[in-house]
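Here's a quick briefing to read alongside the structure. Keep the viewer open and follow along.

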Amino acid sequence: MKHERIVILTGAGISAESGISTFRDQGGLWEQYRLEDVATPEGFRRNPDTVQAFYNERRRQLQEGVEPNAGHKALARLEQHYPGQVLLVTQNVDDLHERAGSCNLIHMHGDLLQAWCEVCHQPSDWHEPIEADSVCPACGTTGRLRPNVVWFGEMPQQMERIQGELAACDLFLAVGTSGQVYPAAGFVELARSAGAHTVELNLEASEMNSAFDEHRHGRAGEVVPPYVEELLGAP
Ligand code: BJW
């Protein structure tokens, strides 16, 4: 086994072939919405109805006909069959990695299928629209639920664990992410400092391209499965 501990960072590109919009590509979400309006706590305070509608619509789409693609399935296969440790850290709020079978998974930017209560600070599974009169299942308060997602200016989830895993990994993969949002964009440098080999698998060269040792450019559904087979086949 060439590598004992693999950390894989995924971004919106891995879910693109499943029909979920990315953020910064042509036709992506940030061409249709201002991120200041829908992905910041200030935007939510200014206009909660607009933000809830944005996430209610994405939650609805996620539950209607969206399926994991070959990229998600290959990463789940790697976790199931690789003799070393495989940790998946996703920036995505969709559940396609889970549905493909990944278990050792961190959602650093949260989970679209959870609501978070601003009063008791508890997440709850939530598959319906969040409305002005929605009630927190944990504390019973009305009208204080928001999507359990991480907006700009907020701390991503499980950062201590992620930083520890990056410091201990010997292979770091980044799949389908533009490398424009921190702290995720800095993970490649942390992994390199730990001595890990670093590989970017992306449609095109990302902002962080030059920080990686190796590149596989193409659609995730096309480049991830053969790369996983290489790892599984390596002596
Ligand atoms: C394909 C493909 C296919 C297409 N196959 N590939 C100045 C300098 C540095 C940092 C900052 C700064 N000013 C402010 C900051 C911090 C800020 C930040 O990074 N801002 C930048 C704009 C500069 N970050 C934060 O505020 C974060 N918190 C934070 O920093 O806390 C403090 C802290 C300090 C120290 C340690 C730790 C923390 C929070 C960031 C929250 C981001 N939230 C969002 C929304 C989540 C909820 C939602 O989904 O709505 O997260 S924004 C959005 O961007 C979403 C994504 O997860 C994130 C990253 O996007 P991603 O996944 O890379 O998507 P795209 O669209 O950008 O790229 C897709 C890629 O796929 C492209 O490259 C395509 O080519 C490729 N692709 N099809 C393979 N088929």
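What follows covers the ligand site and then one helix with two of its residues.

This is a predicted model, so keep that in mind throughout. The ligand has a shell of 36 residues around it, and the protein buries 77% of the 1500 Å² that the ligand exposes when taken alone. Away from that topic, helix H6 runs over residues 70–81, and Gly71 and His72 both sit in it.

**Around the ligand**

- The closest residues to the ligand are Arg24, Tyr55, Thr177, Ser178 and Tyr182.
- Arg24 puts a polar side-chain atom 2.7 Å from a ligand oxygen.
- Backbone atoms join in too: a polar one from Gly153 is 2.7 Å from an oxygen atom of the ligand, and an N or O of the Gln91 backbone lies 3.1 Å from a ligand oxygen.
- Two elements give two or more residues to the shell, namely helix H1 (13–16) and helix H5 (48–62).
- Sorted by class, the shell holds 17 nonpolar, twelve polar and seven charged residues.

**Helix H6 as a whole**

- H6 has twelve residues, and at 1.5 Å a residue they should span 16 Å; the end C-alpha atoms are indeed 16 Å apart, so the helix agrees with expectation.
- Asn69 caps the N-terminal end, with a side-chain oxygen 2.7 Å from the backbone nitrogen of Gly71.
- Gly71, His72, Ala74, Leu75, Ala76, Leu78 and Glu79 make up the buried residues of H6.
- An α-helix has 3.6 residues a turn, so residues three or four places apart point the same way.
- The packing partners of those buried H6 residues are strand S1 (5–10), H1, strand S2 (85–90), helix H7 (96–100) and helix H10 (220–233).

**Gly71**

- Gly71 counts as buried because its relative accessibility is 0%, against a cut-off of under 20%.
- Setting aside neighbours within four places in sequence, Gly71 touches Ile14, Ala220, Gly221 and Val224.
- Gly28 is 43 residues away from Gly71 in sequence, and their C-alpha atoms are 20 Å apart in space.

**His72**

- His72 is buried as well, since its relative accessible area is 0%.
- The His72 side chain reaches back to the backbone nitrogen of Asn69, at 3.1 Å.
- Beyond four places in sequence, the contacts of His72 are Ile14, Ser15, Ser18, Leu96, His97 and Ala100.
- Ile14 turns up in the contacts of Gly71 and again in those of His72.

Note on methods. Residues numbered from 1 in each chain as written. Predicted model: local features only at pLDDT ≥ 70, side-chain atom pairs only at ≥ 80, totals over all residues. Heavy atoms only, no water. Near = heavy atom within 4 Å. Polar contact = N/O pair within 3.5 Å; in protein donor to acceptor, adjacent residues only side chain to side chain. Areas by Shrake-Rupley, 256 points an atom, 1.4 Å probe, with all protein chains shown as cover. Helix = DSSP H or I, 4+ residues; strand = E, 2+ residues; numbered from the N terminus. Nonpolar A, V, L, I, M, F, W, Y, C, P; charged D, E, K, R; others polar. Buried < 20%, exposed > 50% of the residue type's maximum accessible area, 1.4 Å probe, protein only. Contact = heavy atoms within 4.5 Å. Expected span 1.5 Å × (residues − 1).
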